[in-house]
Amino acid sequence: MWGSAGLHWLGTALLDFVYPPVCTACSAALDEAAELLCPLCWAAIADGTRAVHGRCGRCGCPAIAPGASCTNCSGWEVAFDRAVVLGRFDGPLQQAVHALKFSGRRSLGPALGRSLARHLGPELTVVDLLVPVPLHPARQRERGFNQSALIAAGLGEELGRPVAGDLVVRRVQTRQQARLDAVARQDNLRDAFACPVPVPGDRCLCLVDDVLTTGATLDACARALRQAGARTVLAATLAGAYR
């Protein structure tokens, strides 16, 4: 007789036979479905991280030249201290983020969070607590999960840092940010976040999100944390959609 574990293994093997697992980003064949991305796409993400060693210390954007002003964040007035970004929002990293958010590939969240920690962990050693950017409850019910919480779980696992998923809540269901400019994004998020529980002001908090574009979402979350007593707020994202 087959036990439940054996039946699960048999079902997975049959699915892999009928629908061979492929890379989420480039559709190359994978040996196992659990691998998610092929070695070449993981390598491309790592190469993208190494390529931005001269990045801006504030927003993570690749610097134009040593000592030059960052064209991406020179006009920012944000409440977080600085951002750490794995790579540019293009290529395999963009495909992976899209698969996570829009195709329900949940296991990519922790995997990408662990990759963020492996490549940029030294820049996050000062962090005490990870805070995923929340979705509005209605949007989370629609999607079925919060991608930022999944990323934070993998990041925290690799760094050995706890995740505080209840420290910030989204109390306003805002319009989608993707088609809004920087000013409209800030207006759209005004008073969207709040802190319903005490914030440890003596600890370094790190907001976690999938993509940094204008910084408006992270800024709104950081302002809520500041108003609740936080003194040091960093940000960590998988990708930067830089201008």
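**Figure 1. Strand 5 and strand 6 at the centre of the view.** Strand 5 (residues 204–212) and strand 6 (232–240) run parallel and are joined by 8 bridges. Helices (H or I, at least four residues) and strands (E, at least two) are DSSP runs numbered from the N terminus, and two strands pair if DSSP finds at least two bridges between them. Val-208 of strand 5 has Ala-236 as its bridge partner in strand 6. Strand 5 is mostly covered, with 9 of its 9 residues buried; buried means under 20% relative accessible area, exposed over 50%, and partly exposed in between (1.4 Å probe, protein chains only). The model is predicted: local features need pLDDT of at least 70, side-chain atom pairs count only at pLDDT 80 or more, and totals for chains, interfaces and linings use all residues. Residues are numbered from 1 along each chain as its sequence is written, and side-chain values use heavy atoms, with hydrogens and water left out.

**Figure 2. The open sheet and its edges.** Four strands form an open sheet in the order 1-6-5-2, with parallel pairing. Its edge strands, strand 1 (82–88) and strand 2 (129–132), each pair on one side only. On average, neighbouring strands of this sheet are turned by 25° against each other, direction ignored. Axes are lines fitted to C-alpha atoms, for helices over the stretch in contact, and angles run from 0 to 180 degrees between N-to-C directions. At one edge, strand 1 runs parallel to strand 6 and is joined to it by 6 bridges; Arg-82 has Leu-234 of strand 6 as its bridge partner. Because 5 of its 7 residues are buried, strand 1 is largely enclosed by the rest of the structure. At the other edge, strand 2 pairs with strand 5 in the parallel sense over 4 bridges. Leu-129 stands opposite Leu-205 of strand 5, and Pro-132 stands opposite Val-208 of strand 5.

**Figure 3. Helices against the sheet.** Helix 6 (residues 147–159) packs on the sheet and touches strand 2, strand 5 and strand 6, where contact means heavy atoms within 4.5 Å. The direction of helix 6 makes about 125° with that of strand 5. Helix 8 (residues 216–227) lies across strand 5 and strand 6 and runs at about 160° to strand 5.

**Figure 4. The packing of helix 4 on helix 6.** Helix 4 (residues 108–120) and helix 6 pack at an angle of about 45°, with their axes 6 Å apart. Helix 4 is therefore oblique to helix 6; angles under 35 degrees count as roughly parallel, over 145 as roughly antiparallel, 65 to 115 as roughly perpendicular and the rest as oblique. Helix 4 passes helix 6 in a right-handed crossing, that is, with the near helix turned clockwise from the far one by less than a right angle, whereas an anticlockwise turn is left-handed. Residues making the contact include Gly-109, Pro-110 and Gly-113 of helix 4 and Leu-150, Ile-151 and Gly-154 of helix 6.

**Figure 5. The surroundings of Ser-74.** Ser-74 is placed in the loop between helix 2 (39–50) and strand 1. Its relative accessibility is 57%, so Ser-74 counts as exposed. From Ser-74 to Cys-59 the C-alpha to C-alpha distance is 9.7 Å, at a separation of 15 residues in sequence.
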